[in-house]
Amino acid sequence: MKENRCIKNLLRLINLLQENSTNINSIDNTCSRPFLGNNLNNTIYNTRPISIYNKNNELLTITTDSGDTSFFRIENINNNCCTLRGITNNNGVYTSTNNFITIKINCICVIRCYPDVQISNL
C-alpha cells in the first residue's frame, strides 16, 4: 500500500508542535498553523485536538471510562503508525484519558483539526 505522505507529514507537524508548544501569539486557526500559540489570557496551549475519518468516511471513535469519544491527541508517530490518546470534550473543555489506540497512517483519509487547547492532566 502506498504511503500517505500528506497525512503523515501533517500528523508529524502537529505532534512536533505539541511537544514544543510555545508562547507565541497565534496568527490563524488551520491544521497546518506553524505553532501552538496562546490566547489573550496567556494560556499556553499544548494540544491540537483532532478527529479522524477512515477511507470509508467513518469517524474513528474509542470507548473510554467517560464514554465514547472521537477526539484525539497525537502521542507518537513511528514509521507508518500513529499512537493517539483519547480526549473527551465536555462543552469545550478537553480532558485526557488513559485510553490509547495505534492506527496505520495509510488507513486515515481525513483529519479534522479543532482549536488549540490546554489539557492539564496529560
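This is a short walk through one predicted model, from its core to its salt bridges and cysteines.

Okay, let's start in the middle. The largest nonpolar core in this model has 18 residues. If you want to find its best-connected members, look for Leu 11, Ile 50, Ile 74, Cys 82, Leu 84 and Ile 111, which have the most contacts inside it. As for who supplies it, the elements giving two or more residues are helix H1, at 5-19, and then strands E1 (50-54), E4 (71-78), E5 (81-90), E6 (93-104) and E7 (108-113). H1 makes the largest contribution, with four residues. None of that will shock anyone here: in soluble globular proteins, nonpolar side chains tend to be buried together.

Put Leu 11 on the screen for a second. Once you set aside its neighbours within four places in sequence, Leu 11 is in contact with Ile 50, Ile 74, Ile 77, Cys 82, Ile 105, Ile 108 and Ile 111. There's also another core, lying apart from that one, with six residues, among them Ile 87, Tyr 94, Tyr 114 and Val 117.

Now the helix itself. H1 has 15 residues, and at 1.5 Å a residue it should span 21 Å; the C-alpha atoms at its ends are 21 Å apart, so that agrees. Which residues of H1 are buried? They are Ile 7, Lys 8, Leu 10, Leu 11, Ile 14, Asn 15, Leu 17 and Gln 18. And the cover over those buried residues includes E1, E4, E5 and E7.

You'll have spotted a lysine in that list. Lys 8 sits in helix H1, and it counts as buried because its relative accessible area is 7%, with the cut-off for buried being under 20%. So where does its side chain go? The Lys 8 side chain reaches the backbone oxygen of Asn 79, at 2.8 Å.

On to charges. Side chains of opposite charge can pair when their charged atoms come close, and this structure holds three salt bridges. One of them joins Asp 116 to Arg 48, with the closest N and O atoms 2.8 Å apart. Asp 116 is in the segment after E7, while Arg 48 is in the loop between H1 and E1, so this pair ties together parts that are 68 residues apart in sequence. Asp 116 and Arg 48 are both buried, too.

Then there's a little network: Arg 73, Glu 75 and Arg 85 are linked by salt bridges. Arg 73 meets Glu 75 at 3.1 Å, N to O, and Glu 75 meets Arg 85 at 3.1 Å as well. That second pair links distant parts of the chain, with Glu 75 in strand E4 and Arg 85 in strand E5, 10 residues apart. Buried or exposed? Arg 73 is buried, at 10% relative accessibility, and Arg 85 is buried at 10% as well. Glu 75, between them in the network, is partly exposed, with a relative accessible area of 23%.

Last stop, the cysteines. How many disulfides does a search of the whole structure find? Zero. For Cys 81, the nearest cysteine sulfur is that of Cys 82, 8.7 Å away; a disulfide needs the two sulfurs within 2.5 Å, so Cys 81 is in none. Cys 81 is partly exposed, with a relative accessible area of 32%. Cys 6, by contrast, counts as exposed, at 60% relative accessibility. And Cys 82, remember, is one of those well-connected residues in the 18-residue core.

That's the tour; happy to take questions.

How values were computed
Residues numbered from 1 in each chain as written. Predicted model: local features only at pLDDT ≥ 70, side-chain atom pairs only at ≥ 80, totals over all residues. Heavy atoms only, no water. Buried < 20%, exposed > 50% of the residue type's maximum accessible area, 1.4 Å probe, protein only. Core = buried A, V, L, I, M, F, W, Y, C linked by side-chain atoms within 4.5 Å. Contact = heavy atoms within 4.5 Å. Expected span 1.5 Å × (residues − 1). Polar contact = N/O pair within 3.5 Å; in protein donor to acceptor, adjacent residues only side chain to side chain. Salt bridge = Lys/Arg side-chain N within 4 Å of Asp/Glu carboxyl O.
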